Amino acid sequence: MVRNVWREGGVAAFFRGNMSGLAAQPLVIALSFFFFERLRLPAETVLGTSVLVVVLVGGVANCLSIVAAYPLRIAKDKLQSQRDGQYSGLLDVWAQSYGARGLGGLYAGLSADLASAFVKRGLTFWCKEAVLELLLDNAAGSGIAKGDL
């Protein structure tokens, strides 16, 4: 496989799709935290504070961020797996995908990613909150203010 990639495009072929991948991952992470912080307070107001609420809000926040950035991931995957210069770049991938399948072409395979991401990120946000609570408890005993963390 490596030989085939090398023959098709040389060194550059090993890096196809990297720019969209580099754009998508930080975007998903940033949006996850943004949505988590925006959704947590209303959810806790309605449902109360609990581990389950944090896991649910974290899962929903990550799913929203994945939906927002998914077309970048689709483009990355298609650019990396293309043969013989099928796509000229990110916009070409989007144009061809949309032309072939409509909006669904930009979100193919989304449901499987959402199912796994919901649980993983929900638990990740619960761990984040648990560690933050421990740090704040320790900081309170040592005289460090909450804003210092």
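A pocket, as the word is used here, is an open set of grid points with protein on both sides within 12 Å along at least five of seven lines. With that in hand, here are some close-up views of this predicted model.

**View 1. The second largest pocket, with α2, α3 and α5 in its lining.** About 270 Å³ of space lies in this second largest pocket. Its lining is made up of 13 residues, and those closest to the centre are R40, V54, E129, A130 and E133. Two or more lining residues come from each of α2, α3 and α5, with α5 giving the largest share, 6 residues. By type, the lining of the second largest pocket holds 6 nonpolar, 2 polar and 5 charged residues.

**View 2. The largest pocket, lined by 20 residues.** Here the volume is about 430 Å³. Look for Q25, V28, N62, I66 and R121, the lining residues that lie nearest the centre of the largest pocket. Helices α2 (18–47), α3 and α5 (110–142) each contribute at least two residues to this lining, which divides into 9 nonpolar, 6 polar and 5 charged residues.

**View 3. I66 in helix α3 and its contacts.** Helix α3 spans residues 51–81 and includes I66. I66 counts as buried because its relative accessibility is 13%, under the 20% cut-off. Setting aside neighbours within four places in sequence, I66 touches V28, L110, L114 and A117. You can also find L27 in this view: its C-alpha is 8.9 Å from that of I66, although 39 residues separate the two in sequence.

**View 4. A salt-bridge network with R40 and E129 among its members.** Side chains of opposite charge can pair when their charged atoms come close. E37 and R40 form a salt bridge, with their closest N and O atoms 2.9 Å apart; the two are 3 residues apart in helix α2, so about one helical turn separates them. E37 is partly exposed, at 35% relative accessibility. R40 also meets E129 in a salt bridge, at 2.8 Å from N to O. Since R40 lies in helix α2 and E129 in helix α5, this pair ties together parts that are 89 residues apart in sequence. E129 is buried, with a relative accessible area of 17%.

**View 5. The D77 and R73 salt bridge within helix α3.** The N to O distance for this pair is 3.9 Å. D77 and R73 are 4 residues apart, so they are separated by about one helical turn. D77 is partly exposed at 31%, and R73 is also partly exposed, at 36%. Shared partners join E37, R40, K128 and E129 into one salt-bridge network, and the whole structure has 7 salt bridges.

Technical notes. Residues numbered from 1 in each chain as written. Predicted model: local features only at pLDDT ≥ 70, side-chain atom pairs only at ≥ 80, totals over all residues. Heavy atoms only, no water. Buried < 20%, exposed > 50% of the residue type's maximum accessible area, 1.4 Å probe, protein only. Contact = heavy atoms within 4.5 Å. 1 Å grid on protein atoms, 1.4 Å probe; cavity = no way out; pocket = protein on both sides within 12 Å on 5 of 7 lines; lining within 4 Å. Points joined across faces, edges and corners; volume = space filled by probe spheres on them. Nonpolar A, V, L, I, M, F, W, Y, C, P; charged D, E, K, R; others polar. Salt bridge = Lys/Arg side-chain N within 4 Å of Asp/Glu carboxyl O.
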